[in-house]
2 protein chains.
Amino acid sequence: MRTLVASGVDVCFANPGTSEMHAVAALDAVPEMRGVLGLFEGVVTGAADGYGRMAGRPAATLLHLGPGMANGLANLHNASKARTGIVNLVGDHATSHKHLDAPLESNIDAFASTVSTWVRTPRRADDVGPAVAEAVTAATGRPAEIATVILRADAAWTEGGRVAAARPGAPAFPVPDATIDAVAAALRGERSNRTGGVALLIGGDTLTAAGTEAAGRVAAATGAKLIVETFPARIARGAGRVDPERLGYFAEQATAQLDGIDTLVLAGAVEPVSFFAYPGRPSKLAPPDADIVALSRPGDDGVAALSALADLVAGDAPAPLARLELRPARPTGASSVATTAAAVAATLPENAIICDESVSASAVFADATAHAAPHDWLRLTGGAIGDGLPMAVGAAVACPDRRVVALQADGSAMYTIQALWTMAREGLDVTVVMLSNRAYAILNYEMRRVGATGAGDRSGPLLSLDNPAIDAVALATGFGVPAERAVDAAHLADLLERSYATPGPTLIDVPLA
Amino acid sequence: MRTLVASGVDVCFANPGTSEMHAVAALDAVPEMRGVLGLFEGVVTGAADGYGRMAGRPAATLLHLGPGMANGLANLHNASKARTGIVNLVGDHATSHKHLDAPLESNIDAFASTVSTWVRTPRRADDVGPAVAEAVTAATGRPAEIATVILRADAAWTEGGRVAAARPGAPAFPVPDATIDAVAAALRGERSNRTGGVALLIGGDTLTAAGTEAAGRVAAATGAKLIVETFPARIARGAGRVDPERLGYFAEQATAQLDGIDTLVLAGAVEPVSFFAYPGRPSKLAPPDADIVALSRPGDDGVAALSALADLVAGDAPAPLARLELRPARPTGASSVATTAAAVAATLPENAIICDESVSASAVFADATAHAAPHDWLRLTGGAIGDGLPMAVGAAVACPDRRVVALQADGSAMYTIQALWTMAREGLDVTVVMLSNRAYAILNYEMRRVGATGAGDRSGPLLSLDNPAIDAVALATGFGVPAERAVDAAHLADLLERSYATPGPTLIDVPLA
């Protein structure tokens with residue numbers, strides 16, 4: 001615990017058991033470390049993901065042996081796709097107990113290695129501090145890693161631990177001037193066999209206000225089409241920021257957006273591929289004959305590279321910026337995805353953090369909020385639904401002075417609904433907008449798109465969340481979060497504003513037709 | 001789907017996504033297969049565990065790629081420790097899409113292999129049927145395995161699938177006569193250097209009414225101490241059945257129970273070890289110099305072996321059986337673990353199935369119900385809390401004519417509380433008794449036992465579920481399950497009886513001091 005604090009890690013999201021009791025007891029001796037309890041490990045790891053994205057440094061997690069880690073793997077998968085650094089402490093049996101096949105015996109290394117690129121098992125008490133310091137190094141490098149220290153009970157309870165000194169992770173790699181020059185040439189259309197235009201696809205670390213502004217200058221000056229990756233871990237948006245178009249989720253949308261380009265420049269983003277494969281459709285989204293040129297890759301200093309590129313090709317020409325006066329008006333009428341998005345956009349407080357797990361409704365929300373008050377937007381990066389509410393927990397712990405708005409699809413919410421309790425316990429300033437369409441709506445689209453026939457009398461119920469309808473207000477009440485149901489769009493706007501003015505969490509249920 | 005049905009697997013617990021849409025659509029064409037939706041994968045796999053324990057044949061699960069399987073691993077761990085056969089179908093990307101690192105790309109084989117001893121990835125449509133038939137073989141062998149078929153999207157959507165013929169799993173291995181004779185000699189005290197008594201530890205497949213009766217005859221005739229393993233997957237108990245003492249959870253209890261024996265006979269059980277290691281205590285629970293003799297091991301036909309042994313050593317002498325008139329009286333007074341256990345024992349309907357995830361209260365419930373109406377008792381086998389409510393779902397699907405009573409600790413319930421919704425949707429006859437002590441009570445014991453100092457001002461809250469208190473009645477209402485709160489023990493007994501008389505699920509919240 002002292003090594004973590006010395007290394008700059010001072011929040012530990014935890015769901016401990018017997019084998020972690022010494023780590024829990026250590027919280028009494030190390031008051032600099034904040035322990036935050038989750039009722040389920042997916043809450044713990046998702047909170048660490050949200051925390052890391054907003055704090056820019058890792059949180060620790062404390063998990064109970066292999067099965068505890070297993071419950072956290074899905075959100076560690078999302079975190080790994082977001083390149084969020086996390087330090088997992090996973091308790092294990094004492095070494096003398098490992099070979100006895102006790103009920104909780106499992107291969108923790110195997111669980112951890114599915115999502116964690118750095119795994120160590122210090123065997124002695126005096127190895128634990130150095131291992132933890134190294135784990136922080138891995139979790140603070142560029143790109144950041146998910147690091148796991150397997151903490152055996154005997155290493156935890158034996159005397160002789162020592163605090164290891166901090167060793168910061170590797171900094172971002174500076175992009176060579178030659179690469180920047182080559183990209184500038186590509187943007188100026190210097191390809192010999194021109195057949196179309198240029199697109200600049202930005203992602204990863206470049207999605208700060210400074211990065212998107214530099215990208216906007218490049219695009220405005222060169223005529224390149226500016227596109228942002230489909231699932232940003234975090235992007236600065238809203239009034240005063242550049243508003244790039246978003247690469248569509250559906251393959252045919254994305255293919256249309258990239259149609260007619262002969263050069264695709266990547267900054268922080270990777271080559272775009274469809275989320276799923278579909279029969280008879282290509283998985284790669286760029287035209288097959290387009291040149292793909294990387295300005296910066298994950299781990300590089302993409303903002304510096306984009307800024308240098310902008311200075312080279314755009315000079316003093318400004319980027320077009322979103323304007324608050326263009327945000328949607330406060331809506332009236334029945335609740336729908338469109339009026340809900342307008343209500344969020346019209347009322348969003350300055351500097352909010354939006355955790356977006358709205359799934360099939362996400363594009364509507366993104367469009368509506370492009371000109372809202374400036375905010376950060378966090379998306380589900382790895383497709384493992386159930387990261388939205390936990391991310392909101394972590395973002396709120398990282399940024400206690402900012403309002404977090406969780407745009408939450410009801411089906412996805414049910415994977416980690418226990419996150420509401422941690423919001424209540426910690427008094428986190430989170431407004432959950434529950435989009436209750438009572439269906440896995442995305443699957444109703446996808447069923448047709450993959451060429452499957454459905455949804456029939458027997459398959460249909462597997463895509464529906466009706467019968468019985470889930471009552472999100474009751475669930476929130478059960479977990480100690482004040483909740484109300486919006487009767488229409490104007491009421492929703494009122495409830496949103498009231499939640500922003502009220503410290504602590506609120507859930508607003510929005511029944512959708 | 002047709003291969004599963006032909007192989008005797010006709011229930012599929014499912015939480016599907018896009019890559020499983022063809023499997024979902026197949027339900028329309030194969031009405032013999034019952035699809036049961038869970039809101040979270042831990043519900044799905046835990047239900048398959050409960051189903052398999054009660055049906056004696058495997059259920060299938062349908063899971064969404066690596067993260068979907070990850071969410072189900074903890075309860076697959078429990079199922080593997082219970083030796084419950086399960087056939088997992090896990091969707092994956094099309095083969096052409098695998099190398100593109102799409103957001104949901106992961107190493108499913110690595111996830112599966114943590115808990116699954118049999119994993120295959122059929123690459124072509126016509127390989128799927130045979131792979132599924134082989135998976136059922138693994139899941140129906142003795143001991144049963146957890147088998148996983150990774151179903152790539154292109155294998156699912158390509159024409160050419162074929163139905164493979166059923167191939168039943170290997171039967172239980174008959175125990176050789178020589179082994180039975182040797183155990184008979186040990187029980188008769190024929191060890192040369194006698195220093196103490198004999199204990200017969202039964203577990204696994206031997207815990208049927210016939211198996212425990214044979215064990216009871218052996219013990220009565222030979223004076224051996226009859227003990228049942230701490231965490232049985234399923235044991236027949238109550239009036240008319242043998243009531244062996246239970247090996248204690250805490251190491252010092254178990255050591256005391258085995259103190260003074262020089263011979264430990266194992267039938268279906270494995271050598272007993274403590275759940276966790278503790279500083280300065282041995283992990284093995286039997287006296288170090290005791291002979292350990294196995295009558296039958298997991299995979300053997302333990303009931304036949306015990307019956308043959310009983311015939312050899314006990315002749316016609318009967319086993320002592322529990323008697324209904326000895327059950328506790330209907331309690332009055334304030335709610336406590338003791339009065340709650342008495343209320344359950346006094347009211348339990350004939351042939352009920354008890355799913356026990358009462359954790360720190362389990363021993364009290366087991367004592368109180370020893371003479372209750374005959375019932376089956378299912379325990380958490382692998383220590384990964386969050387199996388109780390899902391097991392109840394699966395047991396109720398397997399046995400629609402029996403009442404399922406879930407004895408559920410509140411902390412453990414929160415891992416898979418979404419199981420309530422499936423109970424409501426399927427109209428399952430489950431009575432959930434929620435033991436609301438608002439704490440991880442077991443950890444308050446364990447904190448001291450592992451020698452950690454706590455719980456202080458900062459560590460204490462990580463073991464508490466207060467602040468805010470969880471309202472289980474509201475949660476049940478949110479998931480569509482009728483719920484009430486017991487105000488005292490007599491009220492609880494009334495609510496229990498009313499729930500048994502009412503089709504479908506009920507949750508009864510029991511606040512404990």
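Two residues are in contact if their C-beta atoms, placed from the backbone, lie within 7 Å. That cut-off underlies the interface counts below. The model is predicted.

## How the two chains meet

At the interface, 82 residues of chain B are in contact with 82 residues of chain A. Eight elements are worth tracing on chain B: H2 (21-29), E2 (34-37), H4 (65-82), H5 (108-113), H7 (153-157), H16 (419-426), H17 (441-449) and H18 (472-478) each supply at least two residues of the side that touches chain A. Which of them gives the most? H4(B) does, with 8 residues. By class, this side of chain B has 46 nonpolar, 29 polar and 7 charged residues.

How are the two copies related? Chain B superposes on chain A by a rotation of 180° with 0.0 Å of shift along the axis, at an RMSD of 0.0 Å. The copies are thus related as by a two-fold rotation axis. Of the interface residues of chain B, 100% are also interface residues in chain A, so the copies meet through the same surface.

## Domains within chain A

The domain assignment divides chain A into domain 1 (2-157), domain 2 (177-313) and domain 3 (324-511). The C-alpha centres of domain 1 and domain 3 of chain A lie 29 Å apart. Their contact takes 25 residues from domain 1 and 26 residues from domain 3 of chain A.

On the domain 1 side, strand E2 (34-37), helix H3 (41-55) and helix H4 (65-82) of chain A each supply at least two residues. H3(A) provides the largest share, 11 residues. By class, this side of domain 1 of chain A has 14 nonpolar, 8 polar and 3 charged residues.

The table sets out the class make-up of the two contact sides described so far.

| Contact side | Nonpolar | Polar | Charged |
|---|---|---|---|
| Chain B, touching chain A | 46 residues | 29 residues | 7 residues |
| Domain 1 of chain A, touching domain 3 of chain A | 14 residues | 8 residues | 3 residues |

## Two open sheets

In chain B, an open sheet of 7 strands has the order E9-E14-E13-E15-E16-E18-E17, with mixed pairing. Strand E9 (235-237) and strand E17 (483-485) of chain B stand at the edges, each with a single partner strand, so one side of each has no neighbour in the sheet. From one strand to the next, the twist averages 20°.

Look inside this sheet at strand E13 (352-357) and strand E14 (375-379) of chain B. They run parallel and are joined by 5 bridges. Asp356(B) stands opposite Arg379(B) in E14(B). Helix H14 (388-398) of chain B packs on the sheet, touching E13, E14, E15 (404-409) and E16 (430-436) of chain B. The direction of H14(B) makes about 175° with that of E15(B).

In chain A, 5 strands form an open sheet with parallel pairing, in the order E10-E8-E7-E11-E12. Here the edges are strand E10 (245-246) and strand E12 (291-296) of chain A; each has a single partner strand, so one side of each is left without a neighbour in the sheet. Strand E11 (261-267) of chain A pairs with E12(A) in the parallel sense over 5 bridges. The bridge partner of Ala267(A) is Ser296(A) in E12(A). Helix H8 (177-187) of chain A lies across E7 (197-202), E11 and E12 of chain A, at about 135° to E12(A).

## Buried elements

Helix H2 (21-29) of chain A is mostly covered, with 7 of its 9 residues buried. They are Met21(A), His22(A), Ala23(A), Val24(A), Ala25(A), Ala26(A) and Leu27(A). What do these residues pack against? Within chain A, the partners are E2, E3 (59-64), E4 (86-92), E6 (146-152) and H7 (153-157). H17 of chain B joins them.

Strand E1 (11-14) of chain B is covered on both faces. Val11(B) and Phe13(B) are buried on one side, Cys12(B) and Ala14(B) on the other. E1(B) runs parallel to E2(B), joined by 4 bridges. Within that pairing, Cys12(B) stands opposite Gly35(B) in E2(B).

## One residue in detail: Thr137(A)

Thr137(A) is found in helix H6 (125-140) of chain A. Is this residue buried or exposed? Thr137(A) is buried, because 20 other C-beta atoms lie within 10 Å, and 20 or more is the cut-off for a buried residue. Leaving aside residues up to four places away in sequence, Thr137(A) touches Arg167(A), Pro168(A) and Gly169(A). Thr137(A) and Pro298(A) are 161 residues apart in sequence and 17 Å apart in space, C-alpha to C-alpha.

Key:
Residues numbered from 1 in each chain as written. Chains lettered and ligands numbered in written order. Predicted model: local features only at pLDDT ≥ 70, side-chain atom pairs only at ≥ 80, totals over all residues. Domains from an automatic or database assignment. Nonpolar A, V, L, I, M, F, W, Y, C, P; charged D, E, K, R; others polar. Pairing = 2+ DSSP bridges. Axes fitted to C-alpha atoms, helices over the stretch in contact; angles between N-to-C directions. Buried ≥ 20, exposed ≤ 12 C-beta atoms within 10 Å, placed from the backbone. Least-squares fit on C-alpha atoms with pLDDT ≥ 70 in both.
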